[in-house]
Amino acid sequence: MKIEDLVGKYQIIGSNQNAEENIYKGTLDLSLDIKNRIVAKWLINKTQQQLGTGFFKDNILVINFEYQDDENFTYKGVVVYKCLSKDLLDGFWSEEFGNPLYLGKEQCFRIKNDELLN
C-alpha cells in the first residue's frame with residue numbers, strides 16, 4: 001500500500017480514553033500536503049473539529065493531532081492506525097491529559113459515493 005491510497009473520506013466510530021465505553025461517531029478526511037505528508041481533519045459528533053499531520057510506513061499511519069474545547073483550551077495527542085486495507089483503518093489513540101491507564105479506540109471505513117454508514 002502507498003500513502004496515496006489512503007487519501008479520501010472515512011466514517012469513524014470510536015471510544016474515548018477512559019474506563020467507560022463512551023462511543024463517538026464522525027468523519028475523517030485524509031489528504032496529502034505538498035511534501036507528501038498526511039493531513040488529517042476529523043469531525044467528531046458533528047461538532048468537534050480536530051486537525052493533525054502524520055506519516056505512513058509499513059501500513060502503519062501515525063498522526064499527531066490537536067483540538068480546542070469550548071473554552072479554547074488546546075488538547076494534543078497521537079493516533080496510530082493499522083491500515084488493514086485502503087478502505088479500513090484500525091487504530092488506538094492517547095491524549096496528553098487523558099487517563100494513562102486506557103487508550104482510545106477508533107475504526108475508519110472509507111466512504112464511497114458520499115454515503116455515510118449508519
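1. Let me start with a pair worth a look in this predicted model: the side chains of Arg-110 and Asp-87 form a salt bridge, with an N to O distance of 2.7 Å. This pair links distant parts of the chain, since Arg-110 sits in strand E8 (residues 104-110) while Asp-87 belongs to the loop between E6 and E7, 23 residues apart. Asp-87 is partly exposed, with a relative accessible area of 23%.

2. Asp-87 has a second charged partner. Its side chain also meets that of Lys-112 in a salt bridge, here at 3.4 Å from N to O. Lys-112 lies in the segment after E8 and Asp-87 in the loop between E6 and E7, so this pair ties together parts that are 25 residues apart in sequence. Through shared partners, salt bridges join Asp-87, Arg-110 and Lys-112 into one network.

3. The surroundings of Asp-87 fit the same picture. Leaving out residues up to four places away in sequence, Asp-87 touches Tyr-10, Cys-108, Phe-109, Arg-110 and Lys-112. The C-alpha atoms of Asp-87 and Phe-109 are 5.7 Å apart, although 22 residues separate the two along the chain.

4. How many salt bridges does a search of the whole structure find? It finds three. Besides the two at Asp-87, there is one between the side chains of Arg-37 and Asp-33, at 2.9 Å from N to O. Arg-37 is partly exposed at 43% relative accessible area, and Asp-33 is partly exposed too, at 24%.

5. Now to the overall fold. Eight strands make a closed barrel in the order E1-E2-E3-E4-E5-E6-E7-E8, with antiparallel pairing. On average, and ignoring direction, neighbouring strands of this sheet are turned by 30 degrees against each other.

6. The pairing at the start of the barrel can be followed residue by residue. Strand E1 (residues 8-15) and strand E2 (residues 23-32) run antiparallel and are joined by eight bridges. Across this pair, Ile-13 stands opposite Lys-25, and Gln-11 has Thr-27 as its bridge partner. On to the next strand: E2 pairs with E3 (residues 38-44), again in the antiparallel sense, over seven bridges. Here Ser-31 has Val-39 as its bridge partner.

7. Please check the backbone at three places. Most residues other than glycine have a negative phi. In the hairpin of E2 and E3, with five residues between the strands, Asn-36 takes a positive phi near 65 degrees. Asn-45, in the loop between E3 and strand E4 (48-57), is not a glycine either, yet has a positive phi of about 50 degrees. Asp-58 likewise has a positive phi of about 50 degrees and lies in the loop between E4 and strand E5 (60-68).

8. Are these last two loop residues buried or exposed? Asn-45 is partly exposed, with a relative accessible area of 44%. Asp-58 is exposed, at 65%.

9. Finally, the interior. The largest nonpolar core has 22 residues, of which Leu-28, Leu-30, Trp-42, Leu-61, Ile-63 and Tyr-81 touch the most other members. Two or more residues of this core come from each of E1, E2, E3, E5, strand E6 (74-85) and strand E7 (88-95). Tyr-81 is a good residue to centre the view on: not counting residues up to four places away in sequence, its contacts include Leu-28, Trp-42, Leu-61, Ile-63 and Leu-89, and also Asp-90, Glu-106 and Cys-108.

Note on methods:
Residues are numbered from 1 along each chain as its sequence is written. This is a predicted model: local features need pLDDT of at least 70, side-chain atom pairs count only at pLDDT 80 or more; totals for chains, interfaces and linings use all residues. Side-chain values use heavy atoms; hydrogens and water are left out. Two strands pair if DSSP finds at least two bridges between them. Helices (H or I, at least four residues) and strands (E, at least two) are DSSP runs, numbered from the N terminus. Axes are lines fitted to C-alpha atoms, for helices over the stretch in contact, and angles run from 0 to 180 degrees between N-to-C directions. Buried means under 20% relative accessible area, exposed over 50%, partly exposed in between (1.4 Å probe, protein chains only). A nonpolar core is a set of buried Ala, Val, Leu, Ile, Met, Phe, Trp, Tyr and Cys residues joined through side-chain atoms within 4.5 Å. Contact means heavy atoms within 4.5 Å. A salt bridge is a side-chain nitrogen of Lys or Arg within 4 Å of a carboxyl oxygen of Asp or Glu.
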